[in-house]
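User: Could you take a close look at the salt bridges in this model for me? I work at the bench, so please spell out the cut-offs as you go.

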Amino acid sequence: MQIWTNKQIELFELFLKKYNLPFDKDKLEYFQEAFVHSSFAYQNQLNFNYEKLEFYGDSLLETVVSTYLFNKCHDLAEGDMTKARIKMVQKDTLAELGKELKFENFIILGSSFNENTISDNIYEDTIEAFCAALYLTFGPEALTSFIYQTIIYKYENNLLPCKEDYKTQFQEKMQRNGKHDIRYLTKEIIDNNNVRSFITKVTCDSILYGEGLGNKKHEAENNAAKNALDKCAA
């Protein structure tokens, strides 16, 4: 089923070739699905959108980044590896990348949306969904190559967007007070529109300190830590 226009397919071929990735016009199924927003799927009675690929791509992206840090960054302690991974897969990083790659050329939205209303969440989601589509279509080598040329390149050249790491700040604050048993308890939420989000509670030594919401697990955890720090400062 062809969802993209011929012009969009031409632009997608140019995009893949820019990163030395393979292109096959007969293997676009997963790629098109990776850019179908739920609003378009609902309006056109499609039984798919990018959400399942986004779920899979989130895990694949973290795996490639974690493998890179483990194999290439021997001088980093475990805690510093965690900080680096969070920085590479956070919303700001992925949304910025989606805009740089002009993913608005490929995203398929319902009639209530337009190119000017594409949110950072949609850019982030489609980056993750694209990663899954790339892996499923052309294998792990293609996915790893793409991530090395984009996200890891930015990391190695200090080009990633800066965002407050509230989890580390909260951990350091608790440790200064002699407390160490920090736990993040995260629950997945599916709303009436079948949109997935997460809610996290952060505890230390069995005491609840804060709660946070986010579209991704790590975002909810960071927001919970920020909420905990705000409460501690009050």
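Analyst: Happy to help; here is a walk through the salt bridges, followed by a pocket and a surface patch.

A word on the ground rules: this is a predicted model, in which local features need pLDDT of at least 70 and side-chain atom pairs count only at pLDDT 80 or more, while totals for chains, interfaces and linings use all residues. Residues are numbered from 1 along each chain as its sequence is written, and side-chain values use heavy atoms, with hydrogens and water left out.

Side chains of opposite charge can pair when their charged atoms come close. A salt bridge here is a side-chain nitrogen of Lys or Arg within 4 Å of a carboxyl oxygen of Asp or Glu. By that rule the structure holds 15 salt bridges.

Let's start with Lys99, which pairs with Asp120; their closest N and O atoms are 2.7 Å apart. Lys99 sits in helix α6 (residues 91–100) and Asp120 in helix α7, so this salt bridge ties together parts that are 21 residues apart in sequence. Helices are DSSP runs of H or I with at least four residues, strands are runs of E with at least two, and both are numbered from the N terminus. For exposure, buried means under 20% relative accessible area, exposed means over 50%, and partly exposed lies in between (1.4 Å probe, protein chains only). Lys99 is partly exposed at 40%, and Asp120 is also partly exposed, at 33%.

Helix α6 takes part in another pair: Glu100 forms a salt bridge with Lys154, with the closest N and O atoms 2.9 Å apart. Because Lys154 belongs to helix α8 (residues 140–156) and Glu100 to helix α6, the pair ties together parts that are 54 residues apart in sequence. Here the two partners fall into separate classes: Lys154 is buried, with a relative accessible area of 9%, whereas Glu100 is partly exposed at 45%.

Now for a pair within one helix. Lys226 forms a salt bridge with Asp230, and the closest N and O atoms are 3.1 Å apart. The two residues are four apart in helix α10, so about one helical turn separates them. Lys226 is partly exposed at 31%, as is Asp230 at 42%. Elsewhere, salt bridges that share partners join Glu54, Glu124, Asp125, Glu128, Glu188, Arg196 and Lys216 into one network.

Helix α10 also brings us to the second largest pocket, which holds about 410 Å³ of space. Of its 19 lining residues, the closest to the centre are Glu62, Arg85, Lys217, His218 and Glu221. The elements giving two or more residues to this lining are α4 (51–72), α5 (78–89), β2 (196–204) and α10 (217–233); α4 gives the most, with seven. A pocket, on a 1 Å grid over the protein atoms alone, is an open set of points where a 1.4 Å probe fits, with protein on both sides within 12 Å along at least five of seven lines; lining residues have an atom within 4 Å of a point.

Finally, the surface patch: Tyr30, Phe55, Tyr56 and Leu136 form a nonpolar patch with about 380 Å² of accessible area together. Patch members have over 30% relative accessible area and no salt bridge, and nonpolar side chains are joined within 5 Å. Tyr30, in helix α2 (residues 29–33), is partly exposed at 33%. Thr137 of helix α7 (residues 120–138) counts as buried at 17%. Beyond its neighbours within four places in sequence, Thr137 is in contact (heavy atoms within 4.5 Å) with Lys27, Tyr30 and Phe31.

Note on methods: Patches are made of residues with over 30% relative accessible area and no salt bridge: like charges are joined within 9 Å, nonpolar side chains (Val, Leu, Ile, Met, Phe, Trp, Tyr) within 5 Å. Accessible areas come from the Shrake-Rupley method with a 1.4 Å probe; for residues, only the protein chains shown count as cover. Grid points are joined across faces, edges and corners, and a volume is the space filled by probe spheres set on the points.
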